[in-house]
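The following exercises concern salt bridges and strand pairing. Each task is followed by a solution in steps.

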Amino acid sequence: MERGGTAALACTFRSSSPASHCSPLLRPRRRSPAAAGAPRFLSPTGRRFSQNRFVDTSKGLKRYSLTTFSPFGRLAVSLNDADLVKDKMLIDCGEEQDCVLDGIVALGKFDALHIGHRELAMHASKSGNPFLLSFVGMAEVLGWEYRPPIVAHCDRKRVLSSWAPYCRNVVPLEYQVEFSKVRYLTPRQFVERLSTDLRIKGVVAGENYRFGYKASGDAAELVKLCEEFGLSAFIVRSVMDTAKGSYNGAIPTVNSSDKGQVSSSRVRQALSVGDIEYVSKLLGRKHRLVLTVSEYSIKERKNIIVPKSCMVNMPPADGFYENCELFNGGYLGLCRVAINTETIDIEMKDESSLSPDTFQEVKQVGIEFG
């Protein structure tokens, strides 16, 4: 693969719409949570449950201010309504929170959207319309070092759409709440907010889920409090990592809380050593790296050379990767990928796959590592 030309390359920063464009350098942007594609979101049934269940899946496979805009870009909560914004746990679907009314909400961080997260969405879909509810801005509030997302923010909708066959042909929608709004809530206050502010029907969480100030609440307390507030609570056993050992050097145990379950930490570890087979197993799909590109990235109609500053999410380790696939909204073809300290070099197997017009409208490409 031809190299060089990196000095003349630069990643162009663009102001873009959240629904269609990823911004480079790994900083998240707002995205539209509306589902697309053949599977469709089903309207809430309005039924309520009060039962609590423990779902055993151990044998299976085995923003920012989101309070001011609706998913459709319309103003949802007045910026002058200081009391409302301050006191309520709001998400980006309007003052009345109709988008999650009587829905079943899966709770978690959902960084990697791995098979354990998919399991939560699947169980949420069994009792109502499934939603993912996660919290943004945690790293900034707690002073953690910034890490690039595993899944590009503009690619999350595509991944969730692929979960529809597991969720009664319903695409789970994802909503996020600013962590600063819930940081100091006790476990009781947190569940009360879920009930009164979002008016959901129930929650789904993993058996290791912690919540409340300083993570003082556990799954057992979540069940107890949900029963008290008239919500259903479904506690799902962790999906265990069925890899008995490491793949190509990836170490299964990655931190003190690791008990052998599939986790985003394991995905990060596997990516950091370039273990694509292991990554695919944990994700239940191929990992897709999204890059911001332009027509000037194409070299000799067969190669794309992009500086690493144009990455939108976490790449695998530096190295050479065969049997990859390239997408730019549609399928472009098979390719080889070389990642080095400065650039990502993509060599198409078919010379006719690329032309200067390829990136006239779609300014990103996605590399799926196989």
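A salt bridge is a side-chain nitrogen of Lys or Arg within 4 Å of a carboxyl oxygen of Asp or Glu. The model is predicted, and the structure holds 14 salt bridges.

**Exercise 1.** Determine which parts of the chain are linked by the salt bridge of E228 with R188.

*Solution.* Step 1: the closest N and O atoms of E228 and R188 are 2.2 Å apart. Step 2: E228 belongs to helix 6 (residues 219-228) and R188 to helix 5 (residues 187-198), so the pair, 40 residues apart, links distant parts of the chain. Step 3: E228 is partly exposed at 44% relative accessibility, and R188 is partly exposed at 40%.

**Exercise 2.** For the salt bridge between E347 and R336, state whether E347 is buried or exposed.

*Solution.* Step 1: the closest N and O atoms of this pair lie 3.7 Å apart. Step 2: because E347 lies in strand 12 (residues 343-348) and R336 in strand 11 (residues 331-339), the pair ties together parts 11 residues apart in sequence. Step 3: buried means under 20% relative accessible area; E347, with 14%, is therefore buried. R336, at 26%, counts as partly exposed.

**Exercise 3.** Describe the surroundings of strand 2 (residues 104-107).

*Solution.* Step 1: I104 and A106 on one side, and V105 and L107 on the other, are all buried. Step 2: four bridges pair strand 2 in the parallel sense with strand 3 (residues 130-136), where F131 is the bridge partner of V105. Step 3: the β-α-β crossover from strand 2 through helix 2 (residues 115-125) to strand 3 is right-handed. Step 4: strand 2 also runs parallel to strand 5 (residues 202-206), joined by three bridges, and A106 stands opposite V204.

Methods: Residues numbered from 1 in each chain as written. Predicted model: local features only at pLDDT ≥ 70, side-chain atom pairs only at ≥ 80, totals over all residues. Heavy atoms only, no water. Buried < 20%, exposed > 50% of the residue type's maximum accessible area, 1.4 Å probe, protein only. Helix = DSSP H or I, 4+ residues; strand = E, 2+ residues; numbered from the N terminus. Pairing = 2+ DSSP bridges. Right-handed = clockwise from strand over helix to strand, strands pointing away.
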